[in-house]
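User: I would like to learn how to read surface patches and aromatic pairs in a model. Please take me through them.

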Amino acid sequence: MASKKPAVSSAAPPPAALLSQLWTNYRAETGVRLQLVDAYMVFLLLTGILQFVHVVLVGTFPYNAFISGFASTVGAFVFAAALRVQTNPKNRQGRDFSPERAFADFIFCNLVLFLAVTNFIG
Amino acid sequence: MARIRLLRACALLFALLCFIVSVTEAAKSKDAKSVKKVKKAKKAAEPSVDVEGPRTLKLSDFTVTVRHSGEEATTHTLAYPKPLAKPLTVRPGDSLRLAFQLDVVPEGKAEGKALRAHQAFIVFRPANSNASPDGELVQVLESTPNGKHRIELIANRFAKYFSRQPGDFNVDVLLGVFGNVQPVRYPLGTFHVDFPPADLTDRTVVEDLAKRAKQRALEGPADDGFMALPEIEHQFRPDDKMPPVTFSLGFSAVVLSPWFVLVTLWKLAGANPANLPSSPVALLAHGTFLSCLAGFLGLFYLYWTQLRLLQTISYGAILAVVTVLSGRVALSDIAHRRVKATKKE
């Protein structure tokens, strides 16, 4: 994520101001593609959490279904994180491949993951 | 797949045919051999048992002889199936001799043939079966091919058995013959066995009793023949608890709600779905690529609902070729536009 800039005034600003500062900096300094990936990761995070809440409320009866659903969100999150790392222009350190190549890898990994998940879903 | 299945079925059929042919050949040669054997053996054949009709066993010259020690032997002649008129007494030192002639008589005829019983026993069964820890005493009769059966029992040989349970015994003779012949159980009557009871102060007797008790405990209760065990019934486990359907549907909506968050955030971040490629070729490639990805998801759904793994992989392999080709074109188009855009800047 984008780094937080120190507040200008010497007095400690209220937390709400800090957060809004963080948000504006993030929106200003992060590329649109990275923001899209971030939104996708938030989406995965929420989905996984809600599945877990369901298990807490109801129980683990179709256990395979829960495991595969949760594992697919976790796996997709990991792949999205890798995509974000690889497509971030600031991380170009001697690596010589395009964000499109990273996206192709991302697609391939997701397809394999979904096949495994479907196999396990029961 | 179908062709492979057909081939496999053909191979199986062929193997089966070979097997049947070999078996029938073997049976033919065996038949020929056995026919020869029967021809040879016919002259010396013993009285055949199985071919004839129903027959009955005839016991004759049945004698029971008791010799008390130091006395003259007394012989009792029995006429099957009548038992002894009076109970016999057996004491320590006595010997008991039993002899009879066995014939097998075809039904409706008076004369029979001498026969050696295939199974011939004498059984001493304690009259008071509750007080008999050791059960019955069974001895095998001696027999000759010309139908003579006999047994000589020295009472002292069974001194331990009789001492443990002196008293009255019901004595039976059991005879069994293969074929269509009614077996015989001949109750001879009561034998009074007058043995001194086991001396419980004698250490060897006590040790012997303890050993026997231990053995019986190991063997478990005596089984009077085989019995059917209770039928094993499959126990179905109770169904797992499921939440009500409305709750499940509602939570499905809740779990899908992050899609709304995703779309909102994407709009916020400034995703531009109208950023379409210019050339129709690239447009076609993009469309093909995206529909291939959707096709993969549909294929996985079918795998979940109906397809098998190998089918899924083979369809997926075909789909993968199209996906890779179209994806290469589409992604390189994006890359070109990205490079152009950065150069402009």
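**Surface patch and ring pairs**

Analyst: Leu45(A) counts as partly exposed because its relative accessibility is 46%. Bear in mind that this is a predicted model. Leu45(A) sits in helix α2 of chain A, residues 32-58.

User: Which residues form a nonpolar patch on the surface with Leu45(A)?

Analyst: Ile49(A), Val53(A) and Leu57(A) join Leu45(A) in that patch, and together they have about 350 Å² of accessible area.

User: How many aromatic pairs does the structure hold, and how is such a pair described?

Analyst: A pair of aromatic rings is described by the distance of the centres and the angle of the planes. Over all chains there are 23 aromatic pairs. One of them is Phe52(A) with Phe70(A): the centres are 6.1 Å apart and the planes are at 45°, so the pair is tilted. This pair links distant parts of the chain, since Phe52(A) is in helix α2 and Phe70(A) in helix α3 (residues 63-87) of chain A, 18 residues apart. Phe52(A) is partly exposed at 43% relative accessibility, and Phe70(A) is partly exposed at 30%.

User: What are the distance and angle for the rings of Phe162(B) and Phe195(B)?

Analyst: Their centres lie 5.4 Å apart with the planes at 50°, so this pair is tilted. Phe162(B) is in helix α2 (residues 159-164) of chain B and Phe195(B) in the loop between β11 and α3, so the pair ties together parts 33 residues apart in sequence.

User: Are Phe162(B) and Phe195(B) buried or exposed?

Analyst: Phe162(B) is buried, at 4% relative accessible area, and Phe195(B) is buried at 5%. Ring pairs also link Phe162(B) and Phe195(B) into a cluster whose members include Phe124(B), Phe158(B) and Tyr161(B).

Definitions and conventions
Residues are numbered from 1 along each chain as its sequence is written. Chains are lettered from A and ligands numbered from 1 in the order in which they are written. This is a predicted model: local features need pLDDT of at least 70, side-chain atom pairs count only at pLDDT 80 or more; totals for chains, interfaces and linings use all residues. Side-chain values use heavy atoms; hydrogens and water are left out. Patches are made of residues with over 30% relative accessible area and no salt bridge: like charges are joined within 9 Å, nonpolar side chains (Val, Leu, Ile, Met, Phe, Trp, Tyr) within 5 Å. Accessible areas come from the Shrake-Rupley method with a 1.4 Å probe; for residues, only the protein chains shown count as cover. A salt bridge is a side-chain nitrogen of Lys or Arg within 4 Å of a carboxyl oxygen of Asp or Glu. Helices (H or I, at least four residues) and strands (E, at least two) are DSSP runs, numbered from the N terminus. Buried means under 20% relative accessible area, exposed over 50%, partly exposed in between (1.4 Å probe, protein chains only). Rings of Phe, Tyr and Trp (its six-membered ring) pair if their centres lie within 6.5 Å; planes under 30 degrees apart count as stacked, over 60 as edge-to-face and the rest as tilted.
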